[in-house]
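Me: Could you walk me through a few spots in this model? I'd like short answers that I can check on screen.

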Amino acid sequence: MKNRILISSIAIVLLITSCKKENNSSGNSNDNQKTSFKAATAISDFYSFWDQMKVAGKSYYIQSYSGIYDKPVNDISSIAATIKGNKEPFSLVIDSKTLSFPDYNYNSDKGVSSAYLDENMTDFYGKNFDVDVSQNTLKLMSDGSITEPLARVHIPKLFYPVTFENLTQDGKVTAGTKIVWETDAMNDNGVIIGIEYYPSTQRDTNNRINYPEYMLRGTITDDNGEFTFNTNDFADFPGNADLGFYVVRAGFTTFVDRSSDTCTLAGVAIMGTGYTLSIP
């Protein structure tokens with residue numbers, strides 16, 4: 001589970017740094033539908049919680065990583081909790097579920113304690129929560145029982161069910177392929193379509209030699225339940241490359257609690273597709 005969170009963290013950092021290197025936006029035929037990852041302000045907005053989590057006095061990161069055939073009832077999320085100082089992170093109460101973090105590790109260099117859990121979090125996604133902090137507990141309630149919340153946050157739905165239209169004859173994603181997912185009308189943060197290139201998985205030997213670095217590109221789009229690939233989505237990658245991709249949406253909030261600590265909470269849904277991309 002720790003590895004899963006670490007992998008996701010690295011992917012986000014790589015995504016942001018790779019985008020900042022590109023200054024020109026791509027001109028593709030779906031500009032009314034999406035904004036290129038090269039628009040750094042959009043990526044900065046989407047992942048704004050990430051930098052805030054690094055400096056927050058208390059932070060919580062809850063991530064669902066699923067495939068296109070997983071059902072929400074089977075969802076197991078990775079949960080990371082941190083707090084400044086050598087102590088147990090505050091418990092997390094989400095409606096009727098209570099999560100505690102007694103098995104924490106203290107990093108003396110950073111002065112931060114961290115703990116990790118795997119938990120079925122089916123009821124966490126797709127809800128609006130009021131947030132409060134009291135008695136060593138962070139509370140998220142969707143029933144209106146918190147009369148004066150410190151913050152409010154929408155945690156987006158999981159993507160299931162997901163379907164694909166216009167795959168190639170050998171079942172690959174290409175220009176013209178449409179991906180369709182369960183839309184979330186309350187999600188204002190958009191959806192990221194990330195495309196990955198791993199040198200070690202390339203069947204084309206020339207690609208492994210000539211393009212030895214990992215690459216991550218993609219698109220941020222409105223959460224309207226669908227996305228259609230076009231040729232410009234693959235423009236940064238070498239020809240005949242084997243590419244994978246995933247879809248991400250997130251809900252997050254940052255606020256100051258009654259102890260004057262900055263608190264950050266993020267709920268992230270990631271869908272790994274299992275498909276490879278075919279560059280036309």
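Reply: Sure, one term up front: buried means under 20% relative accessible area, exposed means over 50%, and partly exposed is in between (1.4 Å probe, protein chains only). This is a predicted model, where local features need pLDDT of at least 70, side-chain atom pairs count only at pLDDT 80 or more, and totals for chains, interfaces and linings use all residues. Residues are numbered from 1 along each chain as its sequence is written, and side-chain values use heavy atoms, with hydrogens and water left out.

Me: Is aspartate 132 buried or exposed?
Reply: The cut-off for buried is under 20%. Aspartate 132 has 14% relative accessibility, so it counts as buried.

Me: Which residue forms a salt bridge with aspartate 132?
Reply: A salt bridge here is a side-chain nitrogen of Lys or Arg within 4 Å of a carboxyl oxygen of Asp or Glu. For aspartate 132, the closest N and O atoms of the pair are 2.4 Å apart. The two residues sit 126 apart in the chain, with aspartate 132 in strand β8 and its partner in the loop between β16 and β17. (Strands are DSSP runs of E, at least two residues, numbered from the N terminus.) That partner is arginine 258.

Me: What is the relative accessible area of arginine 249?
Reply: Arginine 249 meets aspartate 223 in a salt bridge, 2.6 Å from N to O. Aspartate 223 is in the loop between β14 (215-221) and β15, while arginine 249 is in strand β16. Aspartate 223 counts as buried at 9%. Arginine 249 is buried too, and its value is 0%.

Me: The side chain of threonine 82 makes a polar contact with which side chain?
Reply: Threonine 82 is in strand β3 (residues 76-84) and is buried at 18%. A polar contact is a pair of N or O atoms within 3.5 Å; within protein, one must be able to donate a hydrogen and the other to accept it, and residues adjacent in sequence count only if both atoms are side-chain atoms. Here the distance is 2.3 Å, and the partner is serine 59.

Me: Which strands stand at the edges of the open sheet β11-β12-β15?
Reply: Strands pair if DSSP finds at least two bridges between them, and the pairing in this sheet is antiparallel. Two of the strands each have a single partner, so one side of each is left without a neighbour in the sheet. Those are β11 (163-165) and β15 (226-228).

Key
Helix = DSSP H or I, 4+ residues; strand = E, 2+ residues; numbered from the N terminus.
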